[in-house]
Each structure stands twice: as structure tokens, then as C-alpha cells.
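Thanks for coming. Please have the sequence and the model open, and follow along as I go through the strands, the charged side chains and a few loop residues.

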Amino acid sequence: MPAIAPRVPRRTILIILAVAFLVASIIGLNIYRSGQQVPIEVTVAKAQMEEMGSTIMASGTIELVEKQEVYAPNDRLVREVPVQIGDQVQKGQILVVLEADSESLSLLDAQARLAEQEVIYNRYFNPSAEDMAIAEAEFKQAELNYQNSVNNAERSEKLYSAGALSMQELDKVRCQLAADEAAYLKAQKEWNQVKNGPQGAERRSQEAAYHRALEAVKLAEQNLAQFVVPARINGQVMAVDISPGDVTMAGQHLVTIGDPHRLEVRVGIGEYDAARVKKGQEVLLEASAFPDRQFKGQVVEVSHKAFVNKGTQSQQVEIPIRIVVDSEQEGLLPGFTVNVKIIVVPEKERLSVPYEAVVDRDGQKFVYIVEQKQARQIPVEVGLEGDLSLEITKGLEEGATVILNPPDNLEDGQAVKFTVEQTQEG
């Protein structure tokens, strides 16, 4: 007779089933959790519109575009100062007169020698019709006298041979022939010189003498111009540092003239910035004398040659730039120090992200954005560089949440999390 298995109480079966279900649930939950990514905690920011442009900063000193500065050549007494600050002067007008008696006398002597040389030079190189007529008449008269003497000498020789003329009388005829021949040759030479000009060495000598006299006058005028100083340009008297009766010292500043409405700034920019500066770009200038004003200018010249600025410890290589100040603005004065802002790219609203959001790998730039709490890699193109942010020209939209300093192991589609204090969830 088979054995009969003991009957398990129903309550016990229910307890066993409940425990088994609980264990299976725990195991299943752990398996599910093990299959999910652990979110990486990141810092984020918003892609937003920002006023951005590109400028280059420098500093320089306001100068006159065109000026004339007069300095004392040596120690001299000031005789006259016929101008005052603010006067308008014309080119050629005398600005200052210093003692120059010996220089004035030297100029007079040089002018006298030049006048003598001009008479000789013009006689041979630029003869007047009257001079040519006189020279021709003198030559013809000398030629006639010489021919008469030749004929007379021939007759006298025959008479002497026939015994009809003494030796004394023949010698007198011969002397007259020699004198008339010399006068004829001289008149012929002078006529040829007046008609054709001197030739060879004589021509070079006459030309050299005339040009020496001309240069002597120019030199004397230059020497005198150091002491009786004329204006070389039209302008306004900007500074007068002397008075009549003063005694100057060599190199002392006397007078400055220029146009106060034509001002410029010369600055040097670094090699990196040189390619970005172009003629015609707008410039903003700020001066300490006008802390609440900005003055406008324009780049008018970019040098094609760099120089080493030895005023800095690193001896920086710089490219000279010339900037002209807008002539319609008033207030700036020569000598003012100004800060210069060259507008390379005008400011406007541009989409930007912090520098930390852009990743550059193998020449490809991209950002990670957060979508549905996952990182998404987005290729982008960048533009202007700001102080703290970078312009995004393609690949991103305003308001996108970008990850800053993305970890090296961050992958496309990976789960991320960030705190409310760092940014607002998108």
C-alpha cells in the first residue's frame, strides 16, 4: 500500500509563493538598474544672443597732421616775434626774427656774385638780340680792319722791295697788321661764342661758375632763414615760447604753427593684429580730459614695415598705424594722451556660448547640448572671439543648453544631470 504524502497547509504555500515573488522582484529590479547608465553630473549654460564685435586697443598721443616747429639754431638775441598764439598765418609770413647781421651780409655778397655771373652766363648762353647784333658788328669791323691791314702789308712789302719804302716804315705796317689780326681773331671768337655758346672746357667752366654762384645764394638764404624764419605752411599759431629781447639757447623751442582741426594719432599694434587692421576702419578715442566723451577717427595708413618697440621689456614687434581724428569734433589738443579702439568688426547681436562649451578635436569644433537629460554632440562653426564667449555662426539655436567643460569620456546620448543652481532645466 503506497505511502500517503503529508498535506502542506495552504497558508504555508502562500507564504512560500510570496517570498519567491519578492526575491524575483528584487533580482529583476537589480538587473534593470544594472542595464541603465549612471548619469554624469555636468555644468551647463544657455546659448544666448550677445552684443559682440571685434576691436583692437592701443594708446597714443594727439599730434598735428601738418605742422611747423621752429627751434633756435644757436644762442641768438630775439629781435622780433610778429605773431601771437591764435593768429592765422599764411605761407611766407615771418614768424620770428633773430639777430642775423653776418648772415644778411653774406647773402648780399652772394647775390652780388650771382649777378655778375648771370651777366656773363646770359651773354654766352642766353644772349639778347642787341648783344648778338653788337658782337656781329664788332666782328665784321675787326674783319674789315684786318683785311685792310693785309692789303696794306702786301703793298708795303712790294714798295720796300722796290726801294720806295724804308725798313722802319715797313715794320710799322707789320705791327699794325699783327694788331688788327689779333683784334680780328678775338672778335671772331666772341662772335662764335655769342652765336653758338662756348665749347669744351670753357663751356664747362662758365656753367660751373654760374651754378656755384647760384648755390652760394641758396645756401646763404638757408642760413638766414634759420634766423629770419618764414611760415612754410598756412596755419594757426599754436605756441610761442619767446619774447623780443630774449636770448635763445641752441635747440630751444620758439614757435609752432599748424591746423588745430587736422589732428592725428600714431600708434603701434602687434603682429597678431596687423592683418585685421585695414585703411578706412572706424576708430573711437578716449581722453582723460573728457572721461564721458568718445571721439571718432579713421585709420588712414597702415605701414608695410614693422619695427621693434624697445620701450617694452620684451622688445615687442609692432606695425605703425596712422589715425586721423574727425575734424568736426572739438576739444582734443595736440599732446593729449588717448586710448584708441579700432573697430575691426562692428558690434551687433550674435549667438554666443562660453569658451568652455566648445570642443576642438582634430580640427572639428562641436558642443554638447542637453536634450531630455542626455548629452547630444552638435558640430558648430565659430566666428568672433569675445572676452568670455565665442560666437556660434552655424549649428546651434538660441536657448540651447550647452555643457561646459565636457568630460573626455562624455559620449553622444549619455545621460547627464545638473543642479538647478547651475542652470534651469530645458
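Start at Glu50, which stands opposite Arg350 in strand 16. This is a predicted model, so please hear everything that follows as a description of a prediction. The pairing behind that contact is between strand 3, residues 48-64, and strand 16, residues 337-354. The two strands are antiparallel, and 13 bridges join them.

Stay with Arg350 for a moment. Its side chain forms a salt bridge with Glu391, and the closest N and O atoms are 3.5 Å apart. Arg350 sits in strand 16 and Glu391 in strand 21, 41 residues apart, so the pair links distant parts of the chain. Are these two residues buried or exposed? Both Arg350 and Glu391 are buried.

Back to strand 3. Strand 3 also pairs with strand 11, again antiparallel, this time over 3 bridges. Within that pairing, Ile62 has Val265 of strand 11 as its bridge partner.

Strand 11 covers residues 263-270, and 7 bridges join it to strand 15, residues 316-325, in the antiparallel sense. One contact to look for there is Ile269, whose bridge partner in strand 15 is Ile319.

Strand 15 has further pairings. Strand 13, residues 290-302, runs antiparallel to strand 15, with 5 bridges between them. In that pairing Glu301 has Arg322 as its bridge partner. Strand 14, residues 307-309, is also antiparallel to strand 15, over 3 bridges. Asn309 is the residue that stands opposite Gln316 in strand 15.

As a general point, strands of a sheet pair through backbone hydrogen bonds, and they do so either parallel or antiparallel.

Now the side chains around those strands. Which residues are linked in a network of salt bridges? They are Glu264, Arg266, Glu301 and Arg322. You have just met Glu301 and Arg322 as bridge partners in the backbone pairing. Within the network, Glu264 forms a salt bridge with Arg266, with the closest N and O atoms 3.1 Å apart. The two ends of that salt bridge are covered to unlike degrees. Glu264 has a relative accessibility of 2% and therefore counts as buried. Arg266, with a relative accessible area of 45%, is partly exposed.

The count for the model comes to 15 salt bridges. One more of them is in a helix. Glu215 and Lys218 meet through their side chains, at 3.8 Å from N to O. Both residues lie in helix 5, 3 residues apart, which is about one turn of the helix. Glu215 is partly exposed, with a relative accessible area of 45%. Lys218 is partly exposed too, at 39% relative accessibility.

While we are in helix 5, residues 200-225, look at Gln206, which lies in that helix. Why does Gln206 count as buried? Its relative accessibility is 19%, and the cut-off for buried is under 20%. The C-alpha atoms of Gln206 and Ile120 are separated by 8.0 Å, although the two residues are 86 apart along the chain.

Next, another sheet. 4 strands form an open sheet in the order 4-10-9-6, with antiparallel pairing. Strand 4, 67-71, and strand 6, 88-89, are at the edges; each has a single partner strand, so one side of each has no neighbour in the sheet. Strand 6 pairs with strand 9, residues 235-240, over 2 bridges in the antiparallel sense. In that pairing Gln88 stands opposite Gln236.

Last, some loops. Two residues here have a positive phi without being glycine. Gln372 has a phi of about 50 degrees and is found in the loop between strand 18, 364-371, and strand 19, 374-379. Gln372 is exposed, with a relative accessible area of 77%. For Asn405, phi is near 45 degrees. Asn405 is in the loop between strand 22 and strand 23, 416-417, and is exposed, with a relative accessible area of 56%.

One more loop residue, and then I am done. Where is Glu398? Glu398 is in the loop between strand 21, 389-394, and strand 22, 401-404. At 56% relative accessibility, Glu398 counts as exposed. Together with Glu51, Glu347 and Glu349, Glu398 forms a negative surface patch.

Definitions and conventions
Residues are numbered from 1 along each chain as its sequence is written. This is a predicted model: local features need pLDDT of at least 70, side-chain atom pairs count only at pLDDT 80 or more; totals for chains, interfaces and linings use all residues. Side-chain values use heavy atoms; hydrogens and water are left out. Patches are made of residues with over 30% relative accessible area and no salt bridge: like charges are joined within 9 Å, nonpolar side chains (Val, Leu, Ile, Met, Phe, Trp, Tyr) within 5 Å. Accessible areas come from the Shrake-Rupley method with a 1.4 Å probe; for residues, only the protein chains shown count as cover. A salt bridge is a side-chain nitrogen of Lys or Arg within 4 Å of a carboxyl oxygen of Asp or Glu. Lys and Arg count as positive and Asp and Glu as negative; His and the chain ends are not counted. The place of a charge is taken as NZ of Lys, CZ of Arg, CG of Asp or CD of Glu. Buried means under 20% relative accessible area, exposed over 50%, partly exposed in between (1.4 Å probe, protein chains only). Two strands pair if DSSP finds at least two bridges between them.
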